[in-house]
Amino acid sequence: MAEEVKLFRTWSSGYALRIVWALKLKGIEYETIFEDLTNKSPSLLQYNPIHGKVPVLVHDGKPVCESLVILEYVDETWKHNPLLPQDPYEKSMARFWANFGDDKLMKSIWQLFIAREKDQDVAAVEALENLKLVEEQLKGKKFFHGETVGYLDLAFGWFADFVSILEEIMSLKLVDGERFPHLSSWIQHFIDAPVIRDCWPPRDKMIIKFQVMRENYLAAATPK
Ligand SMILES: N[C@@H](CCC(=O)N[C@@H](CS)C(=O)NCC(=O)O)C(=O)O
């Protein structure tokens, strides 16, 4: 019997995009269910009752939640075109840096994005420190694991897109080739990599979405 694979996602979620890329890189057929997060479907809440978030992967009726967990599930279930390194130490390092990306880097980039003008310099310091750590990881490499796209590239993929959205909306340059030569070249390689390049959400829609989000945060933070 054919396997049934379903992916609950939204058009813009960078977390969900990780799973889209992983399934496509593995050549797995799947059905997409687009969610409206302002009116979550009963199925999403049933499959992810703890967080109620996308992405959720449902494989033959069994739900898997949390994008980094789903990436590992996909990699272990369909073993061809491996995403994670096989060596136990390298695998644990990959998990470490993926968590760093979600916990520290993403938070600091977001804090910069929603900082009021007077707070931007302070917020930039933390974001830049985190970016330097990522830059170190990419020294001498095309992708995080070498010559081909793998788990960490998918984990950091949101950044490749979001950084230029942030730069455009805030009219600043965060990642330039002089300060971050390795990160800059990774962004270019990753954005244009086969499979990856076909899945990006429409840029104009992303700009509008994040512009509105930023304005709402700034308005909420401004004393009346
Ligand atoms: N840690 C989660 C984060 C997922 C997440 O934050 N998804 C957002 C969309 S980008 C969501 O579903 N938000 C709905 C909500 O917070 O209620 C993961 O890696 O899957």
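**Exercise 1. Leu 105**

Task: In this predicted model, find where Leu 105 is placed, and decide whether Leu 105 is buried or exposed.

Solution: Begin with the secondary structure, where Leu 105 has its place in helix H4. Next, count the surroundings: 21 other C-beta atoms lie within 10 Å of Leu 105. A residue is buried if 20 or more other C-beta atoms lie within 10 Å of its own, so the count for Leu 105 leads to the answer "buried". As a further step, list its contacts, setting aside the neighbours within four places in sequence: Leu 105 is in contact with Phe 100, Asn 130 and Val 134. Finally, consider a separation along the chain, for Leu 105 and Leu 44 are 61 residues apart in sequence, and 28 Å separates their C-alpha atoms.

**Exercise 2. Ile 70 and Lys 224**

Task: Work out for Ile 70 and for Lys 224 whether the residue is buried or exposed, and then describe the place of each in the chain.

Solution: Ile 70 is found in helix H3, and 23 other C-beta atoms lie within 10 Å, so Ile 70 is buried. Not counting residues up to four places away in sequence, Ile 70 touches Ile 19, Pro 55, Leu 57 and Val 64. The C-alpha atoms of Ile 70 and Val 58 are separated by 9.8 Å, and these two residues are twelve residues apart along the chain.

Turn now to Lys 224, which lies in the segment after H8. Inside 10 Å, Lys 224 has 3 C-beta neighbours, and therefore counts as exposed. From C-alpha to C-alpha, Lys 224 and Phe 190 are 43 Å apart in space, while 34 residues separate them in sequence.

**Exercise 3. Backbone angles in the loops**

Task: Explain what is notable about the backbone at Asp 60, at Asn 81 and at the peptide bond from Val 54 to Pro 55.

Solution: Start from the general expectation, which is that most residues other than glycine have a negative phi, and that most peptide bonds are trans. Asp 60 has a phi near 45 degrees, which is a positive value in a residue other than glycine. Asp 60 lies in the loop between S3 and strand S4 (62–65), and because 10 C-beta neighbours are inside 10 Å, Asp 60 counts as exposed.

Asn 81 is not a glycine either, yet has a positive phi of about 45 degrees. The loop that holds Asn 81 runs between helix H3 (67–77) and helix H4 (88–113), and with 13 C-beta neighbours inside 10 Å, Asn 81 counts as partly exposed.

The last step concerns a peptide bond: from Val 54 to Pro 55 the bond is cis, and its omega is near 5 degrees. Pro 55 has its place in the loop between helix H2 (42–47) and strand S3 (56–59).

**Exercise 4. Helix H6 and its partners**

Task: Determine how H6 is oriented relative to H4, to H7 and to H8.

Solution: Take H4 as the first partner; H4 and H6 pack with their axes 9 Å apart, at an angle of about 15 degrees. Angles under 35 degrees count as roughly parallel, so H4 is roughly parallel to H6. H4 passes H6 in a left-handed crossing. The contact of H4 with H6 has eleven nonpolar residues, one polar residue and no charged residues.

For H7 (residues 181–191), the axes come within 10 Å of each other and cross at roughly 100 degrees. H6 and H7 are therefore roughly perpendicular to each other. On the H6 side the contact is made by Asp 153, Gly 157, Ala 160 and Val 163, and on the H7 side by Ile 187, Phe 190 and Ile 191.

For H8 (residues 203–221), the axes of H6 and H8 come within 10 Å and cross at roughly 60 degrees, which means that H6 is oblique to H8. The crossing of H6 and H8 is right-handed. Here Ile 165, Glu 168 and Ile 169 of H6 meet Met 206, Ile 207, Phe 210, Gln 211 and Arg 214 of H8.

**Exercise 5. Around the ligand**

Task: Name residues that surround the ligand, and sort the shell by class.

Solution: The residues around the ligand include Ser 13, Tyr 15, Leu 37, Val 54 and Pro 55, and also Glu 66, Ser 67 and Leu 68. Sorted by class, the shell has five nonpolar, three polar and two charged residues.

Notes
Residues are numbered from 1 along each chain as its sequence is written. This is a predicted model: local features need pLDDT of at least 70, side-chain atom pairs count only at pLDDT 80 or more; totals for chains, interfaces and linings use all residues. A residue is near a molecule or strand if its C-beta atom, placed from the backbone, lies within 6 Å of it. Ala, Val, Leu, Ile, Met, Phe, Trp, Tyr, Cys and Pro count as nonpolar, Asp, Glu, Lys and Arg as charged, and the others, Gly among them, as polar. Axes are lines fitted to C-alpha atoms, for helices over the stretch in contact, and angles run from 0 to 180 degrees between N-to-C directions. Helices (H or I, at least four residues) and strands (E, at least two) are DSSP runs, numbered from the N terminus. Angles under 35 degrees count as roughly parallel, over 145 as roughly antiparallel, 65 to 115 as roughly perpendicular and the rest as oblique. A crossing is left-handed if the near helix is turned anticlockwise from the far one by less than a right angle, and right-handed if clockwise. Two residues are in contact if their C-beta atoms, placed from the backbone, lie within 7 Å. A residue is buried if 20 or more other C-beta atoms lie within 10 Å of its own, exposed if 12 or fewer, and partly exposed in between; C-beta atoms are placed from the backbone.
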